[in-house]
Structures are given as C-alpha cells and as structure tokens.
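Good morning, colleagues. Please take a moment with the structure on the screen, and I shall then go through its interior and its surface.

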Amino acid sequence: MQTALDVLLAATVFKLLLFPAYRSTDFEVHRNWLAVTHSLPLSQWYYDTTSEWTLDYPPFFAYFEWMLSFPAALVDQRIVDVNNLRYSAWSVIAYQRTTVIITELILGLALLRFVKGANDARVQRLLSASLFLHPGFLIIDHIHFQYNGFMFGILLWSLLMARNGRNLASGILFAILLNFKHLYMYLAPAYFVYLLRAYCMTPAGTPRIPQFLSLAASVIGVFVASVGPFLVMGQLPQLGARLFPFTRGLNHAYWAPNAWALVTALDRVLLKAASMARIELTVNSAGLQSSSRGLVGDTVFAVLPNVEPFHTFAITIGIQMIFLARLWRQPTYPSFLRALTLCGWTSFMFGWHVHEKAVLMVLVPLTLMAADGSAHLRTFMLASVAGIYSLFPLLFTPAEAAVELLYSAIWMVFVIQSLNKIAYEFPRSPAAVALDFAERAYLFGFIGLQLFVWVFPFIAQRLSWGVSVDFVPLMATSVYCAVGLVWSYLRLSAAYLFGIGESGLQKEKTA
C-alpha cells in the first residue's frame, strides 16, 4: 500500500506541474459543457449551439459535467456562463485540470483491486503501476485535456468484476460506461457474447432464464436512467444526431495509425509512381485535394476505389465475428480479455473516421496480458511503442513535445525492461530469431523517425518546398506507427486463434 501511495503522490505532483501546459480545444469543449449543463434546462442541452463545441457525448457524461459545474460555479461563476466563450482564466485552468486528477482515482482504485486476487501480485503491481502512469493518459488527459482515465477506470472495474466471476456487475458497469462515452461500443460485441455464454448459459449451453432476465433488466434500467428524460421529451432523434454524425470522412485530418492510413498512403504512392513513370491511370480528380492529403474534409482516393462507411462496418463486423466465435467456444475471463482487446483493435484498424486517441482502447486492455508469455510481451512492446508515439503529434509546442518524449522514453525503458525479466524467452528457431531481429530493428527505427520529424521542416524551409509538404512528417509518423500496430494486431490475432503462448496464461475457469 505504501508503494501505491508513493506512486500516487509522485504522479500527482508531476501532473500539478503540468497545469500551465498547452491545452487543446478539448479544454474549451469541456468548459462549454460545464456552462451548458449548468445554465440551460435539460431540454436544451443537446440543442444549444451558442458555441461550436456542442454537447455530443451520451447523457451520463452530460450529467457528470452537470455535477462538476456546481463546484465550478463556486470557484468562478464565469466558468459556467454559456456566453463566456474561450474563457481561459487561471481559475478555470486549475479547476478543470484538478477534476481530471481527482476523477482519475477511479482508475487508480480499480488497478489496486486488480492486485488483490492476482496469480502473481508482484507482476500485477507492475502492470497496474504502468497503466496508472501510462504516457497515453498523461498526453491526452493531463496536457491535451480529456477524461479518459476516469472512463477507463469504469472499464477496468467492469473487467475486474468479470475476472472475479461477478458477471452481472461487469455487465452493469459496461452499460454505464456506454452511456458515458458511446465509442466504447467497439467493445460491446465481446461483452454481449461473453455475458450471454458465461452468465446466461450453463457450461453445457442450457439457458439460465433468471440470469438472463436480471441482466436484461439491469442493462435496460441503466439506459432508461440515461436516455429516459430525453425519450419523454421526444428528443431521441436529436440525441442520436449529436452522438453519430456520419458526415465526416474515412480518415481524421491526422491519419490514425491503422489499416486505412496504409491504404491512403498507398494511394498517394501509386499516384506519384504513375506520374513519374508516365503510366496512364484513371485518376479521380477529387482525390487530389481530399483529406487523404491531411486536410479536414472527406477522404477521396485518387487511384484506389473509395471506401464508404458500409465497407468499414462490414469489414469490422466480419473480422470481429472470427474472434467472437472462439470466445463463444471458450467463455473464460482470459479468453474474454483477448477477444475484447481484439474487438476494440479491429474497430481501430478498420473503423470509419477513427481518431488517433482511440488507440488507448487497445493499449489499456493489452497491458493486462503483457506478462502472459513471450508472445504477448512482444505484442505489447510493439503496440505500446507505436501507439504511444502515434500520440506525439497531439502536442506540437516545444516544451510539451520534450516532456512527452522524455516521459514516454523513461516509461518504456522501465516497463519493458521489467517485463522482459519476467516473460521474455529467447527465440528457438532461425525464423523466430529473424523475426525477433526485424521487430527490434523496427523499434529502433523510431529514433530515425524522430530525427526525420525534427529535421524535415528545416530542410523544407531551406529548399523552399512550400506548404504542400507540411503534412509529410505527420504522414510518416502515421504510416510508420500503422506498420507496427497492424503487425502487432496480427500477432495477437494469431496468438488468440491458434493458442500461441497460452502456456503462460493463468489457469482458465469457465464462469
């Protein structure tokens, strides 16, 4: 317990020092939501357009902002003035950053409870500490500004309940989480299959009607508490329009490091290669100016066939079904954790308009299995380095960029070296040795990538290449990180589907 308090104290002091740091537009987004929920009646929350940063999270998060708005009004009444746009006084900075630190304790408490009952408490302490100190939370929550630590805390409490055999509580907590942030629905298929098979059926497959009814009633009750008031007011269509805007393009302006980043880059390469080789290709002129060049807007390919929302949905569901079939056959907690991670990862890989910040939905559950054998450790290493580095473009000011680089490097060295002593096994075949070498070379390649990101803008300016190449460092970052994340995704998929590395797992017990 003393070690946990020391970690908490050190982390809190460091986060307090980051109060004056750069903050993104998300900071004003959440300040505006404090004002909207405090100053306006419930019926206007999802209609207000005073600010461009309209409320577009589910009702539980709106209620959460409403509760935070009352202390905010005591600190400074101007914080909750809906017309006081872009308010940036020290009072609002200190208050909102403090709320992130305090609500993140939900995550810390869940991680502490994971240690209790773990097969190896020493290893779980390491994994829990690595998650609480994760660079992703530092970059996104404590500098850029969001509340991911709080919401991932709810997810981890749900997973903890599943690990401890309390599946009804696990399902209720996940339903609550969905009503805080709907993007966690990426994980919903794994929850649906696991709870249906492990809680609502016997190991032989016989339905458990009472358990099914209790789960259904509990989940419905959560959703009624969340959206019920808006249903009564006839506002469900407006709520749905806010939560699911389908007018955005395939890629975010900065491509998330997923499969579509590689496809988009391939489209650019084919276009350039055809031009240099003077090969006649049918080129979509709209693709020459689309967001696949880093601009905000729709994504239109110049050479390759365009991808529509239905395509991404069909690919995502189709691949998830493969993992869910194995989970159905083996409805245990370790199997559930892997299927859940792969469902989230599949959505990240092939989803529509995926944000780079969504990589946390992969990295957080993946960390829980990082010590389950050498195969899982290698997957964790590759995904963590690529995933964390992919977040670096979020912070572009020199001081904050230095902080994220130094902090992430220290975290990676400490965590990866510690886990190597626990789970790493030297490869035993020539092919495995070659693969191990290639993966290590890829990881060392991030040093070259960082040098390129630093040097390229000076070269472009010196040679007067103009603004047309400004996106090149971002594109290089996205594509290089995508290679690592796609490969580690394939690694975990093979490990789960073919049972690779299962000797290192804890003994599985059917719920």
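Helices here are DSSP runs of type H or I with at least four residues, numbered from the N terminus. By that assignment, Leu451 belongs to helix 19. Please keep in mind that the model is predicted.

Let me stay with Leu451 for a moment. Is Leu451 buried, exposed or partly exposed? Its relative accessible area is 45%; Leu451 therefore counts as partly exposed, since that class lies between 20% and 50%. Leu451 is also one of the residues that form a nonpolar surface patch of about 810 Å². The other members of that patch are Phe444, Ile447, Trp454, Val455, Ile459, Leu463 and Trp465.

Close in sequence to the end of that list is Ser464, in the loop that joins helix 19, residues 430-462, to helix 20, residues 472-498. Its phi is near 55 degrees, a positive value in a residue other than glycine. Ser464 has a relative accessible area of 62%, so it is classed as exposed.

A second residue invites the same kind of description. Arg86 sits in the loop between helix 3, residues 59-75, and helix 4, residues 90-103. Phi of Arg86 is likewise positive, near 55 degrees, and Arg86 is not a glycine. Because its relative accessibility is 55%, Arg86 counts as exposed.

I now turn to the interior. In soluble globular proteins, nonpolar side chains tend to be buried together. In this model, the largest nonpolar core contains 142 residues. Which residues have the most contacts inside this core? They are Leu156, Leu159, Tyr184 and Phe336. Helix 15, residues 333-350, gives the most to the core, with 11 residues. Another core, of 5 residues, lies apart from it and includes Trp255, Ala261, Phe471 and Ala482.

Leu159 deserves a separate remark. Leaving aside residues up to four places away in sequence, Leu159 touches Phe114, Tyr191, Tyr333, Phe336, Leu337, Leu340 and Leu368.

Next, helix 2, which spans residues 25-39 and has 15 residues. From its first C-alpha to its last it reaches 21 Å, close to the 21 Å expected at 1.5 Å a residue. How many of the residues in helix 2 are buried? The number is 12 of 15, and the helix is thus mostly covered. Among the buried residues are charged side chains as listed by name: Asp26, Glu28 and Arg31, together with Trp33 and Leu34. The buried residues of helix 2 pack against helix 3, helix 4 and helix 7, the last of these being residues 135-145.

Helix 7 brings us to Ile140, which is found there. Ile140 counts as buried because its relative accessibility is 0%. Between Ile140 and Glu28 there are 14 Å in space, C-alpha to C-alpha, and the two are 112 residues apart in sequence. Residues up to four places away in sequence again aside, Ile140 touches Phe145, Gln146, Asn148, Lys357, Leu360, Leu391 and Leu394.

Finally, Asp267, whose place is in helix 13, residues 259-277. Is Asp267 buried or exposed? With a relative accessibility of 0%, Asp267 counts as buried. Its contacts, on the same sequence exclusion, are with Phe301, Ala302, Val303 and Leu304.

Thank you for your attention.

Key
Residues numbered from 1 in each chain as written. Predicted model: local features only at pLDDT ≥ 70, side-chain atom pairs only at ≥ 80, totals over all residues. Heavy atoms only, no water. Core = buried A, V, L, I, M, F, W, Y, C linked by side-chain atoms within 4.5 Å. Buried < 20%, exposed > 50% of the residue type's maximum accessible area, 1.4 Å probe, protein only. Helix = DSSP H or I, 4+ residues; strand = E, 2+ residues; numbered from the N terminus. Contact = heavy atoms within 4.5 Å. Patch = residues over 30% accessible without salt bridge, like charges linked within 9 Å, V, L, I, M, F, W, Y side chains within 5 Å. Areas by Shrake-Rupley, 256 points an atom, 1.4 Å probe, with all protein chains shown as cover. Salt bridge = Lys/Arg side-chain N within 4 Å of Asp/Glu carboxyl O. Expected span 1.5 Å × (residues − 1).
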